[in-house]
Structures are given as C-alpha cells and as structure tokens.
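Reader: Hi! Could you walk me through this model before I head back to the bench?
Author: Happy to, here it is.

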Amino acid sequence: YALNHPFTVITGPPGTGKSQVVLNLLANLALNGQTVLFASKNNQAVNTVIDKLESIQTNYCPFIRGGNKNEKTKGLERVLTSLDKDYIQ
C-alpha cells in the first residue's frame, strides 16, 4: 500500500515491528530513486528509525533528521557526501 499511495500511516502497539516496516519502506523508496518524508509525534520512534538507517547507511540513501541544529548539520553532511564530487565545484 505504502509504495503505491502518497500518504501512509503506520500504527500499532510497542514491539509490533513498526520501525522495521518504516526502515524497509525508506530503503525501498530510496533504491527506487524516490524521496520520502518520515514523521512521528514520538521522538523515540524517529531515533529508532535513524539508528537503524545509520547502521545500514550507504550513499544511495542520504537522509536529514530535523529537530535540532546538530541533527540538521549531520544530515546535510550525509547529503553532500552522497553527491558526486565532480558535481560540486
């Protein structure tokens, strides 16, 4: 459903695999050249997904985490690293 619709809500009680589903979706969308916004009212949920993304991070999937200046700076560095060095001059 999430791959074919512009908006998806994933809900459920703790421990049901929501973060893993989100991670799989983000990776799938990135591999297919799409962009995505992942948002949550729960900071811990965002942190969990970011931790998992960082553990598998490669240059094909740059991401920016909003929130505070430090997180935004780290995200910008990820994006710049993923761009072709010859492109930036």
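Reader: Thanks! What pattern does the chain follow, read along the sequence?
Author: The pattern is α-α-α, with three helices and zero strands in the chain. Helices (H or I, at least four residues) and strands (E, at least two) are DSSP runs, numbered from the N terminus.

Reader: Anything I should know about the model itself?
Author: This is a predicted model, where local features need pLDDT of at least 70 and side-chain atom pairs count only at pLDDT 80 or more, while totals for chains, interfaces and linings use all residues. Residues are numbered from 1 along each chain as its sequence is written, and side-chain values use heavy atoms, leaving out hydrogens and water.

Reader: Cool. How do α1 and α2 pack?
Author: Helix α2 covers residues 43-56, and its axis lies 10 Å from that of α1, at an angle of about 50°. Axes here are lines fitted to C-alpha atoms, for helices over the stretch in contact, and angles run from 0 to 180 degrees between N-to-C directions.

Reader: And which residues of α1 and α2 make the contact?
Author: From α1 they are S19, Q20, V22, L23 and L26, and from α2 T48, V49, K52, L53 and I56. Contact means heavy atoms within 4.5 Å.

Reader: Let's pick S19. Is S19 buried or exposed?
Author: S19 counts as buried, because its relative accessibility is 19%; the cut-offs are under 20% relative accessible area for buried, over 50% for exposed and partly exposed in between (1.4 Å probe, protein chains only). S19 sits in helix α1, residues 18-31. Apart from neighbours within four places in sequence, S19 touches T48, V49 and K52.

Reader: Switching topic: which residues form the largest nonpolar core?
Author: That core has seven residues: V22, L23, L26, V46, V49, I50 and L53. Helix α2 gives the most to this core, with four residues. A nonpolar core is a set of buried Ala, Val, Leu, Ile, Met, Phe, Trp, Tyr and Cys residues joined through side-chain atoms within 4.5 Å.

Reader: What is V46 in contact with, leaving aside its neighbours within four places in sequence?
Author: V46 is in contact with F38, S40 and R65.

Reader: Last one: where is V79?
Author: V79 is in helix α3, residues 69-82. With a relative accessible area of 24%, V79 is partly exposed. V79 and I64 are 15 residues apart in sequence, and their C-alpha atoms are 7.7 Å apart in space.
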